[in-house]
Structures are given as structure tokens and as C-alpha cells.
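Biologist: Please take a close look at one part of this model, the helix at the start of the chain, and then set it against the rest.

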Amino acid sequence: SDADSLGSAANLLADAGWKRGQGWAYEVSLPTGFDYSQAEGPRHPWSFWSQRGVRLTNGVVLSAAEAGEQATLLLPQGAAGPAFLALPNHYVLRRYNNSVSYALAIGLIADGVQGKPSLVANWPDDAPLSLNQRMNAQRALARLGFDPGGIDGVIGSGSRAALRGWQSANGRIADGYLTASLAEEL
């Protein structure tokens, strides 16, 4: 039944460490000149992010519990797309499927069901990269001394960290986002 399915899903989330009364992530805006290399880095409380000019969008105010949580900045479409401050519940979602895209999809759908405002930033309409483009970019990063953590065509946290390293070393915005033109350049 619907009730049993929802109850089972809620129980799985609770068992995985879901923090009731807290969000999974919030959209944020980043100031001009922001150091994008901080994305997917160490987790910090809201005060750390706020001091660096990160602002919540849509008039959202964090609860005291959320403000004290360790949060990570996520840039799923790089500097050109929306930015998110991921709270511990984001990682609870990823215990089921450790994909940033999966957790974002589930979280954004849940927010929509709850009637929360839609995203402020536009989601870029980038064409997906082929497996060959992704693997060649990983090979190039490895050859250039930026270890992507394997050559498998999956642009996960290791590949994004390697790309941020290469971008930083080459005077680029170090957002770790692989575009078709960047894959071709590598």
C-alpha cells in the first residue's frame, strides 16, 4: 500500500541517520570572486560559509540546529549552475545511492511536494558527455599529474577534485565541472 511504502522509506531514512526537522540542502548564492575550489571540500558550519559571503536564497532561514551542522558546498553544474549547501540529511539520501545527482533529484522532488519555492538559479542545458569524452578527460588529468581516482568514465568526487586541481593550476574557475569544451581541451 502507499502508506506501507512511505512508512518503510521513512524507516529506512531514520535508520540511516535522518535528522528530523532539518532540511537536506539549501540553495545558496555565491559572491563575486568566490573560491569555487571549496566545493565538495571539508564540511563547515553555516557561520564559516556566511563569513565567505555565501547567502541563502528564497528568504530561507536556517534553524539553530541546521546552522550548527557541518555542511558542504555542492556545484552540480559548476559555477554556471545552482549552488547548494548540503546538510547531513543529503548524505543520508546518498547512503542508498551515492550519487550527487540522485540525492539532488530526490531532495528537490521532496521540496516540490512540500510546496517549497523552486530554484533561483537556472540549471544550464549542457549536453551530456559521452563515455569516451569522460574517460579521455580522466586519462588527460592523470597524465597531467591530477589523479582522478581511476579511469572509468564516472565523473565522481575524485574526478571533480582532480579537475579542480587542474583548473586552479591553470588560472581557471576551479569548480570541478567538466564541460564538452573542457574535455576537448584536456
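Modeller: Helix α1 has 14 residues and reaches 20 Å from its first C-alpha to its last, close to the 20 Å expected at 1.5 Å a residue. After α1 comes Gly17, with a positive phi near 110 degrees. The model is predicted, and in the protein chain confidence is lowest in this helix, residues 2-15, at a mean pLDDT of 88. The highest confidence is in helix α6, residues 131-143, at 98. For the protein chain the average pLDDT is 94, and 100% of the residues score at least 70.

Helix α6 also holds Arg143. Arg143 has a relative accessible area of 65%, over the 50% cut-off, and therefore counts as exposed. From Arg143 to Ser50 the C-alpha to C-alpha distance is 37 Å, with their positions 93 residues apart in sequence.

As for the interior, the largest nonpolar core has 16 residues, and Trp49 and Leu73 touch the most other members. Two or more residues each are given to this core by β1 (25-29), α2 (46-51) and β4 (83-86). Helix α2 supplies the largest share, three residues. Leaving aside residues up to four places away in sequence, Trp49 touches Phe34, Gln38, Pro42, His44, Val54, Ala71, Thr72, Leu73 and Leu85. There is also a second, separate core of 11 residues, including Ala137, Ala140, Leu182 and Leu186. In soluble globular proteins, nonpolar side chains tend to be buried together.

Key
Residues are numbered from 1 along each chain as its sequence is written. This is a predicted model: local features need pLDDT of at least 70, side-chain atom pairs count only at pLDDT 80 or more; totals for chains, interfaces and linings use all residues. Side-chain values use heavy atoms; hydrogens and water are left out. A nonpolar core is a set of buried Ala, Val, Leu, Ile, Met, Phe, Trp, Tyr and Cys residues joined through side-chain atoms within 4.5 Å. Buried means under 20% relative accessible area, exposed over 50%, partly exposed in between (1.4 Å probe, protein chains only). Helices (H or I, at least four residues) and strands (E, at least two) are DSSP runs, numbered from the N terminus. Contact means heavy atoms within 4.5 Å. pLDDT is the predictor's confidence in each residue, from 0 to 100. The expected span of a helix is 1.5 Å times one less than its number of residues.
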